[in-house]
Amino acid sequence: MILLKVAGVMHAIKKNKVAYAYIAPFYILFIIFGLFPMVSGFALSFFRWDGLGSMNFLGLGNYINLFNDSLFWKALYNTLFIGIIAHIPILLGGLILAYILNSDLIRGQNLFKTIYFMPMVTSAVAITIIFQNLFGNNYGLINYIFGLFGKDPVNWLGGDGSFIKVAVIVMFAWKWIGWNMVIYLAGMQGIPQEIYEAAKIDGASHTRVVFNIVIPLLKPIILFTLIQSTIGMFNLFTEPFVLTGNNWGGGTNGGGLTLMMYLLNKAPQGGNAYGYASAIAYVMTFMIVCVAFILNKVMNRNEVKGGM
Amino acid sequence: MHVLKKTTLYLILISVALVMLLPFYMMFVMSTLSTNEIYSFPPVMTFGGNLITNFKNMIAAVNLPRAFLNSLIVTSLNAVLVLFFSSIGGYAFSVYDFPGKKQLFLVLLGTMMVPFTAGIIPWFIMMSKFGWINNFAALIIPGSANAFGIFWMRQYCQNNVPRSLMEAARIDGCSEWTIFFRVIAPILKPAYASLGIMQFVNIWNEFMQALLILRKEEYYTLSLLLKSMVSDRGTDYGAMMLASTCAVLPLLICFLFASKYFMDGLTAGAVKG
């Protein structure tokens with residue numbers, strides 16, 4: 001019986017060998033470099049391992065230690081704080097800019113799109129180097145502009161470290177707003193013009209058009225951008241790292257310490273706590289999956305309601 | 001009323017545009033300033049005369065051409081592999097019928113849902129066991145399995161590759177391999193362009209994996225070279241700004257000339273996905 005099955009499989013492979021050969025590279029590479037690390041990472045999160053010696057089984061030990069690790073909580077808080085606040089300008093700003101650009105009053109759409117999108121093709125390290133200068137305490141352009149409006153200069157990158165997060169949020173928003181805008185605009189252009197016309201004839205205000213027509217129709221696209229930027233938020237590393245002068249601790253008082261930075265610092269970058277770092281990685285993964293799941297649920301539930 | 005509305009809208013668009021352009025402008029300006037001018041207050045916002053000196057300092061401090069070449073090698077090899085594997089995979093899923101096709105495709109979609117973060121630690125251990133620390137292979141090969149690329153190519157093939165074309169080529173006696181390279185690949189050019197741009201931009205600007213893998217200066221990519229200038233306290237500030245400009249400018253110029261293709265490529269997942 002088993003022999004017959006094996007023979008059957010062999011026959012199928014032989015008959016369709018071209019198709020299997022074409023898709024094989026992906027699955028082989030994925031098993032080696034994707035699946036295997038993923039599974040062994042989960043296993044590793046239950047051990048203590050310094051990367052060289054023997055592995056000690058800890059059970060849930062790493063996760064329990066994580067729960068009591070104040071730096072982990074700080075990194076989690078920073079990551080969520082930066083991510084959640086930064087989503088307001090990139091979501092709302094992206095929608096508003098796209099809505100304005102979609103108006104027939106506006107010319108030069110492509111020029112504006114191109115300018116807003118420029119950060120997306122620019123090295124994050126280079127961007128951060130520039131912003132580090134703009135945020136400079138005694139010489140930076142941003143404090144200079146603050147001075148023009150009669151505001152006291154802010155010690156963005158120093159002080160008690162609490163403004164590092166604000167600086168990172170500004171950079172995050174500056175970078176992603178154009179990407180969101182271009183995607184939302186493409187979505188809006190897919191909405192038939194008659195729908196806008198009809199709303200206008202009914203005397204609907206722009207706010208109502210945006211909230212009652214545009215946002216419900218763009219829901220799948222908004223969901224996509226939300227999930228992408230959520231993953232971006234959890235992977236946030238380059239900007240705070242370079243902004244604080246390549247500081248693995250996230251600058252003054254760990255103000256810019258993010259989960260990804262903490263994870264990398266725990267193992268590959270000298271910490272050598274491979275099991276502990278794997279536990280952090282799995283907590284992060286769990287949170288990403290949860291957020292994606294919740295977003296999906298929330299978005300779909302509203303859709304059903306709207307449909308009735 | 002109409003004019004007022006129009007002016008307001010333009011005012012919003014233009015002020016946002018200025019905010020987007022300002023950091024780029026300041027980067028270009030500071031490339032031409034001396035360190036003293038950069039640290040002066042109020043900030044100097046017009047081009048200065050220190051470009052040549054900054055250039056000399058930059059050349060003395062870092063090996064920019066080498067980093068440029070390293071970035072180019074990593075990025076283009078990875079992009080070529082991704083395009084090749086994605087197009088043959090997507091094509092196979094689109095035009096062939098074979099046992100397990102549906103299940104295998106579901107697995108492929110599933111792999112897109114799992115964040116890279118989950119396996120990052122074992123991935124790093126694996127790279128060191130392979131002897132791939134300070135080896136470009138670590139940045140080229142693992143990333144060449146691109147589920148989204150296959151998904152994207154499959155969509156494109158389904159909409160643009162008529163099966164009759166394959167039948168005709170088969171009757172002419174072409175092998176399956178020849179059909180792909182001679183008949184199908186040319187049709188896929190626009191899809192290659194979008195996916196290629198997406199991959200090129202992402203890998204060119206990639207930082208985290210490069211930071212973990214490439215520890216020796218001779219292997220630094222542009223991002224790592226810039227980062228090394230930040231940590232080195234002795235680095236001349238004007239030279240660092242000039243190096244940033246040099247790292248950013250090539251891709252930025254390509255983008256300005258073909259912005260439509262870049263925007264289509266980099267937002268590809270949203271519109272079709």
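**A walk through a predicted two-chain model**

Set aside neighbours within four places in sequence, and B:Trp132 is in contact with B:Met127, B:Ala137, B:Ala138 and B:Ile213. This is a predicted model. B:Trp132 sits in a loop of chain B, between helix H6 (120-129) and helix H7 (137-140). Is B:Trp132 buried or partly exposed? It counts as partly exposed, because it has 18 C-beta neighbours inside 10 Å; the buried class begins at 20. Now look along the chain to B:Tyr261. B:Trp132 and B:Tyr261 are 129 residues apart in sequence. In space, their C-alpha atoms are 34 Å apart.

B:Asn78 offers a second viewpoint in chain B. Its place is in helix H4 (residues 64-95) of chain B. B:Asn78 counts as buried because 24 C-beta neighbours lie inside 10 Å. Which residues does B:Asn78 touch, not counting those up to four places away in sequence? They are B:Leu139, B:Ile140, B:Gly143, B:Ser144, B:Gln199 and B:Ile203. B:Leu266 is 188 residues from B:Asn78 in sequence. The two C-alpha atoms are 17 Å apart in space.

Step back to chain B as a whole. Chain B has 16 helices and 0 strands. Its C-alpha trace spans about 75 × 65 × 35 Å along the principal axes. The radius of gyration of chain B is 24 Å, whereas a compact globule of 273 residues would have one near 19 Å. Of the 273 residues in chain B, 45% are buried. Take the contacts in chain B between residues at least 6 apart in sequence: 77% of them join residues at least 24 apart.

The domain assignment splits chain B into domain 1 (2-59) and domain 2 (63-231). Over C-alpha atoms, the centres of these two domains of chain B are separated by 36 Å. Chain A is also assigned two domains, domain 1 (2-44) and domain 2 (63-307). The C-alpha centres of the two domains of chain A lie 38 Å apart.

Next, the contact between the chains. How many residues does each chain bring to it? Chain A gives 75 residues and chain B gives 75 residues. On the side of chain A that touches chain B, the largest share comes from helix H2 (residues 17-44) of chain A, with 16 residues. By class, that side of chain A has 55 nonpolar, 19 polar and 1 charged residues.

The nonpolar interior comes next. The largest nonpolar core has 169 residues. Those with the most contacts inside this core are A:Ile280, B:Leu225, B:Leu226 and B:Ala243. Helix H8 (residues 164-189) of chain A gives the most to this core, with 17 residues.

Follow A:Ile280 outward. Leaving aside neighbours within four places in sequence, A:Ile280 is in contact with A:Leu66, A:Phe72, A:Leu259, A:Tyr262, A:Leu263 and A:Lys266. A:Phe72, A:Leu259 and A:Tyr262 also appear in a contact between two helices of chain A, H4 and H12. Two packed helices are described by the angle between their axes and the distance between the axes. The axes of helix H4 (residues 70-102) of chain A and H12(A) come within 8 Å and cross at roughly 145 degrees. From H4(A), A:Leu71, A:Phe72, A:Ala75, A:Leu76 and A:Thr79 meet A:Leu259, A:Met261 and A:Tyr262 of H12(A). The residues of this contact divide into 7 nonpolar, 1 polar and no charged.

Last, some backbone details. Most residues other than glycine have a negative phi, and most peptide bonds are trans. A:Asn253 is not a glycine, yet its phi is positive, at about 55 degrees. A:Asn253 is found in the loop between helix H11 (238-243) and helix H12 (259-266) of chain A. A:Asn253 counts as partly exposed because it has 14 C-beta neighbours inside 10 Å.

A:Asn272 is not a glycine either, and has a positive phi of about 55 degrees. Where is A:Asn272 placed? It is in the loop between H12 and helix H13 (274-307) of chain A. With 15 C-beta neighbours inside 10 Å, A:Asn272 counts as partly exposed.

In chain B, the bond to inspect is the one from B:Phe41 to B:Pro42. This peptide bond is cis, with omega near 0 degrees. B:Pro42 is found in the loop between helix H2 (35-38) and helix H3 (51-61) of chain B.

How values were computed. Residues numbered from 1 in each chain as written. Chains lettered and ligands numbered in written order. Predicted model: local features only at pLDDT ≥ 70, side-chain atom pairs only at ≥ 80, totals over all residues. Contact = placed C-beta atoms within 7 Å. Helix = DSSP H or I, 4+ residues; strand = E, 2+ residues; numbered from the N terminus. Nonpolar A, V, L, I, M, F, W, Y, C, P; charged D, E, K, R; others polar. Domains from an automatic or database assignment. Buried ≥ 20, exposed ≤ 12 C-beta atoms within 10 Å, placed from the backbone. Axes fitted to C-alpha atoms, helices over the stretch in contact; angles between N-to-C directions. Core = buried A, V, L, I, M, F, W, Y, C linked by C-beta atoms within 7 Å. Rg over C-alpha atoms; globule rule 2.2 N^0.38 Å.
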